[in-house]
Amino acid sequence: LLSFYDQRKHTGILRTLMIRQSFNKKGGMIMFISTTPFDTDGLTEICNQIYPGFSVLTAINDGMSDASGIKDVRVLCGVGTMQEAIILDGNKEIIFEISPQSFFQTNTKTANLMYQKVRNKVAEIKPKILYDFYGGAGSFSLTNADLIGKSFCVECVPEAVENGKKNAKLNNINNVEFYCQTTEDYLTEHKIEAENSLIILDPARAGVHPKACKKLADCGVKNILYISCNPKTLAENLEVLTQNYTVKSAVCFDFFPNTKHIETFVELVLK
């Protein structure tokens, strides 16, 4: 038996049990995140009895915060990744290979609705260039690649960027460039092409970085699509963005039924 981690006392071993399952593909992964290494004898057998065919992994988080990140990832069985698919326009399948540290929407059925909604907007706007900020494993870039000339996918998590590159090859997509850096650093180092461009923002709960938000408000791109998982930081960011943009529409998606959390998709247009 493993002792549970007490966040107040910072004692115990088992910190997090992560289970990710694919719904449009087969399999999934189970990861045990602990404060120190532990005896894993018999662990894969037990896991495979409950979840046959799943990868089983361990990782260490010995920091003071759950958000400190993980290290020393070990694959005990399986390939260490999983595949999921988004189905677009009724039959177009985009496959994603996902690593333990890559973000991907946990509610695949609702994610499919949201990605289709975003795709419909991209088809309506018809941009030549897509700037996909906080792009993760390239989900928005890849699900819209056939509608655009080129996409620049910016993400600061190296594992997610590597997944994105693999996903592009997996789907035979060659018009997406991946950048492993923060959105604010990218905006400092690169000039945004305002003409015939579209920006998609999909930040974590902390929202768009203040420096990036100010630069985006002044970038001159006609259309911004903002996908938010935190209404509070969305409101804070919109206060800055609406200095130069108007909110054209907002749609909510219930990714987490029976909780207070929602995902919000906001369309902004340059004034």
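**Two sheets and their helices**

In strand S2, phenylalanine 32 is the bridge partner of leucine 17. This contact is a starting point for reading the structure, which is a predicted model. Helix H1 (residues 43-50) packs on the sheet, where it touches S2, strand S3 (55-60) and S4. The direction of H1 makes about 65° with that of S4.

The pairing of leucine 17 with phenylalanine 32 belongs to a wider arrangement. S1 and strand S2 (residues 28-34) run antiparallel and are joined by 7 bridges. Both strands are part of an open sheet of 4 strands, in the order S1-S2-S3-S4, with mixed pairing. Strand S1 (14-21) and strand S4 (71-77) are the edge strands, each pairing on one side only. From one strand to the next, the twist averages 20°. In general, the strands of a sheet pair through backbone hydrogen bonds, in either the parallel or the antiparallel sense.

A second region is centred here on strand S8. Strand S7 (residues 129-133) pairs with S8 in the parallel sense over 5 bridges, and lysine 150 in S8 is the bridge partner of isoleucine 129. S8 is also joined to S9 by 5 bridges, and these two strands run parallel. In S9, tyrosine 179 is the bridge partner of valine 154. S8 is mostly covered, with 5 of its 6 residues buried.

Helix H4 now enters the picture, as S8, H4 and S9 make a right-handed β-α-β unit. H4 spans residues 158-170 and has 13 residues. From its first C-alpha to its last, H4 reaches 18 Å, close to the 18 Å expected at 1.5 Å a residue.

Which residues of H4 are buried? They are Ala160, Val161, Asn163, Gly164, Asn167 and Ala168. Seen down the axis of H4, these buried residues fall within an arc of 160°, so they line one face of the helix. The spacing along an α-helix helps in reading such a pattern: there are 3.6 residues a turn, so residues three or four places apart point the same way.

What covers the buried residues of H4? The cover includes three strands, namely S6 (92-98), S8 (150-155) and S9 (176-180), together with helix H3 (139-143). S8 and S9 thus appear both in the cover of the H4 residues and in the β-α-β unit with H4. Just after H4, asparagine 172 takes a positive phi of about 55°.

Conventions:
Residues numbered from 1 in each chain as written. Predicted model: local features only at pLDDT ≥ 70, side-chain atom pairs only at ≥ 80, totals over all residues. Heavy atoms only, no water. Expected span 1.5 Å × (residues − 1). Buried < 20%, exposed > 50% of the residue type's maximum accessible area, 1.4 Å probe, protein only. Arc of directions from axis to C-beta. Contact = heavy atoms within 4.5 Å. Pairing = 2+ DSSP bridges. Axes fitted to C-alpha atoms, helices over the stretch in contact; angles between N-to-C directions. Right-handed = clockwise from strand over helix to strand, strands pointing away.
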